[in-house]
Amino acid sequence: MDAPHERESSSGARDDRLGMNEPITRRDFVNAALVAGGGLWLHGRLPAGATAGDDWTGYGGVGDYARSNGNTFPVMNAAHAIRDRTFESKLAGAIDTGEVYDLLVVGGGISGLAAAVFFQKRKGGRCLVLDNHPIFGGEAKRNEFLVDGQSVVAHQGSAMFPVPKKGGYVASVYEMIGMDRPALEYQRWRGPSAEMPLSQTPYDTLGARRTNFGLWFGPRFGQRPGVWVVDPWHRNLEGAPLSDADKAELMRWRTVHDGGPRPKTEGDEISRHLDTMTLEDYVMQQHHISRDTVRNYLSPVEGGGYGLGPDVLSAYCAYAPETEYPDEGDDALGDQMFPDGNAGFARLMVKTLIPDAIAGPRTVEAVWRNRVHFAALDRRDNTTRLRLEATVLRVEHAGEPARAPYVNVIYAKGGTLHRVRARNVVMAGGSWTTKHIVSDLPPSHRDAYAQFYRSPCLMANVAVRNWRFLYDMGISGCRWFEGIGNYFEVRKLATLAGNDSFGPDSPTVLTIKVLFAKPGLPIGEQGARGRAELFATSFKQYERAFRQQLADMFSGHGFHPRRDIAGLILNRWGHAYVNPQPGFFFGVDGRPAPRDVLRHQPHGRITFANTDLSGAMDHRNSILEADRAVQQIVG
Ligand SMILES: Cc1cc2nc3c(=O)[nH]c(=O)nc-3n(C[C@H](O)[C@H](O)[C@H](O)COP(=O)(O)OP(=O)(O)OC[C@H]3O[C@@H](n4cnc5c(N)ncnc54)[C@H](O)[C@@H]3O)c2cc1C
């Protein structure tokens with residue numbers, strides 16, 4: 001499949017049909033740039049603050065997160081400067097701010113914020129959290145659109161949480177940050193059309209137990225226009241333009257589950273055995289299907305929570321989170337989700353650390369709805385300061401790590417390099433930058449980090465004025481096997497967003513996740529090629545590709561891209577997912593697993609966190625790794 005930047009051929013008429021020239025995204029884009037620049041948009045002049053990078057970053061929506069959709073152009077540029085060491089000659093000239101902290105945390109995602117919360121709870125002291133984005137949260141952030149005057153919200157990355165076990169570890173941490181309920185209330189159905197069951201998260205489509213789900217087959221299957229098969233699994237794929245052999249294989253994928261015993265605890269014999277094989281081999285064995293079926297139809301789904309296809313992942317990936325948290329989740333209440341995904345937890349953590357960072361009381365409703373008071377985040381008298389748009393370039397002990405009195409940390413902000421000192425540092429930014437910036441990392445840790453692979457992901461949020469076209473087809477979720485993306489799901493939102501009811505004529509956001517699996521290539525190369533593609537494609541090229549995809553699938557069913565698409569936000573994550581290869585979890589040939597080197601051996605005054613250390617991208621692991629990293633500091 002060609003990447004959008006390779007297959008661009010725009011014609012004026014086609015672009016017009018797709019809605020590329022509609023004022024709505026352009027007008028919203030200008031509004032966002034106006035907010036970003038704080039300037040005036042007069043007579044076609046570019047507002048102050050709008051840059052060439054806007055062609056890449058694109059429209060960011062409205063509200064607290066309007067300038068922070070995924071890795072924006074400035075964030076991406078600064079990160080590349082770390083990789084390419086272009087700051088090296090300027091480090092010596094960094095301005096000393098004179099600040100000394102008891103704890104400095106690199107990374108203001110859920111892990112970094114949790115580290116600050118644990119530190120303040122267990123010991124207390126002056127703490128600084130540095131993050132390179134314009135708002136905290138890391139992959140747990142929000143997109144907000146105004147569609148015909150109505151606010152519509154979606155997640156940028158981290159999405160759902162299972163109901164925590166009553167009285168368990170996760171429940172106690174949630175309570176500590178002000179999460180006062182195990183589950184949320186969701187929108188009621190808005191008539192008069194008959195109610196269609198809707199999910200609470202974007203992932204139910206993949207389970208597809210429901211009947212209101214469809215598969216689309218287009219030109220790749222010789223279908224022009226494409227054909228829809230609604231409720232495919234209950235109908236044994238009747239009507240799908242597939243060979244009988246492929247249909248039989250896919251039905252086995254749905255119905256046969258024969259992988260042998262499941263692991264019971266992390267590290268037991270079964271989990272160690274699974275970690276010696278690829279997830280692809282395991283999926284083939286479990287469902288009695290061929291490698292071709294996995295690669296042709298299932299790659300992004302079977303490896304979905306890990307970014308790449310199962311050909312390069314450890315089979316233990318299939319069980320990592322559920323083995324670690326066996327008692328979590330509730331079948332009756334279902335998986336849970338704030339309207340903006342786990343951004344809800346990041347906001348609660350910031351409110352816990354800096355009470356006036358978000359107006360109002362520390363209730364779930366107030367913290368979710370009220371705006372962030374950015375000026376409060378980094379005030380001199382805060383016990384915890386949160387400094388944004390600050391890219392950490394260098395972390396180094398002042399002397400020999402075992403005896404150094406403090407750690408020097410240099411970061412870039414606003415084009416200037418600054419230096420602060422800290423008695424302890426938690427590295428919560430992730431393997432992909434930590435390995436570059438901790439300059440005195442010992443060979444054992446360097447070698448461990450060299451075994452971490454991370455792959456990119458594009459989360460595209462497409463706001464539509466209504467989803468009646470889907471409802472009239474009898475579906476709320478779907479999958480496809482060509483073009484851009486693979487699936488989406490209309491979901492009812494938690495009522496925190498304000499609208500208590502929801503129906504086919506309500507505006508909504510279709511979240512389309514794009515992964516860059518290249519089955520058959522080595523693991524590192526898959527990630528690198530995906531990043532190159534993500535990097536080389538402009539906002540406009542992606543916009544055209546998404547509009548075309550939706551037009552191809554739904555134009556024959558009452559959908560008009562020009563009329564119905566109200567806005568598009570791209571969230572590019574260059575290093576979205578950790579990709580654990582066989583041996584990642586429990587080590588090879590008796591050698592320790594790379595994650596355990598980093599977890600068990602603090603480096604002088606520096607400890608390591610971030611969800612990637614667990615090998616499973618999950619906000620609970622972000623928290624757990626932060627907890628351990630802080631314990632190693634405070635004892
Ligand atoms: C598309 C997607 C969907 C997901 N869905 C779910 C889900 O449904 N449920 C779930 O629990 N988890 C999900 N996750 C996993 C998600 O990674 C975690 O839930 C969690 O948000 C990770 O938090 P973290 O703090 O560990 O890492 P991050 O969120 O990556 O935070 C690290 C922060 O540090 C910053 N940073 C890195 N280097 C530097 C530097 N040198 N200087 C300054 N700042 C730096 C990063 O830019 C980032 O802001 C999903 C992830 C993705 C990508």
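These are my notebook entries on a ligand site, two nonpolar cores and two buried residues in a predicted model.

**Entry 1: around the ligand**

I started with the ligand and asked which residues lie closest. The shell holds 36 residues, and D131, N132, E139, S158 and H619 are the closest of them. I then sorted the shell by character: 16 of its residues are nonpolar, 17 are polar and three are charged.

Next I wanted to know which helices and strands each supply at least two residues of this shell. On the helix side I noted α5 (110-122), α15 (431-437) and α22 (619-634). The strands are β10 (391-397), β14 (454-464) and β19 (565-578).

I also looked up some backbone atoms beside the ligand. A backbone N or O atom of V392 sits 2.9 Å from a ligand nitrogen. For A159, a backbone N or O atom is 3.1 Å from a ligand oxygen. A polar backbone atom of T611 is 2.9 Å from an oxygen atom of the ligand. How much of the ligand does the protein bury? Taken alone, the ligand exposes 980 Å², and the protein buries 97% of that.

**Entry 2: the nonpolar cores**

I turned to the largest nonpolar core, which has 78 residues. Its members touching the most other members are L104, V395, V409, V425 and M427. Strand β11 (residues 407-413) gives the most to this core, with five residues.

I picked V425 for a second look. Leaving out residues up to four places away in sequence, V425 touches ten or so names I could list; among them are L103, L104, V106, V395, V409 and I633. Apart from this core lies another one of 54 residues, including L113, F119, F161 and Y174.

**Entry 3: D618**

I found D618 in the loop between β20 (606-608) and α22. Is D618 buried or exposed? Its relative accessible area is 14%, so D618 counts as buried, the cut-off being under 20%. Beyond its neighbours within four places in sequence, D618 is in contact with P321 and T611. I had already met T611 beside a ligand oxygen.

**Entry 4: R599**

My last stop was R599, in helix α21 (residues 594-600). R599 is buried too, because its relative accessible area is 11%, under the 20% limit.

Which side chains make polar contacts with the side chain of R599? One is E625, at 2.6 Å, and another is D596, at 3.3 Å. Setting aside neighbours within four places in sequence, I listed L613, S614, E625, R628 and Q632 as contacts of R599.

I also checked R599 against L184: the two lie 415 residues apart along the chain, with 34 Å between their C-alpha atoms.

Conventions: Residues numbered from 1 in each chain as written. Predicted model: local features only at pLDDT ≥ 70, side-chain atom pairs only at ≥ 80, totals over all residues. Heavy atoms only, no water. Near = heavy atom within 4 Å. Polar contact = N/O pair within 3.5 Å; in protein donor to acceptor, adjacent residues only side chain to side chain. Areas by Shrake-Rupley, 256 points an atom, 1.4 Å probe, with all protein chains shown as cover. Helix = DSSP H or I, 4+ residues; strand = E, 2+ residues; numbered from the N terminus. Nonpolar A, V, L, I, M, F, W, Y, C, P; charged D, E, K, R; others polar. Core = buried A, V, L, I, M, F, W, Y, C linked by side-chain atoms within 4.5 Å. Buried < 20%, exposed > 50% of the residue type's maximum accessible area, 1.4 Å probe, protein only. Contact = heavy atoms within 4.5 Å.
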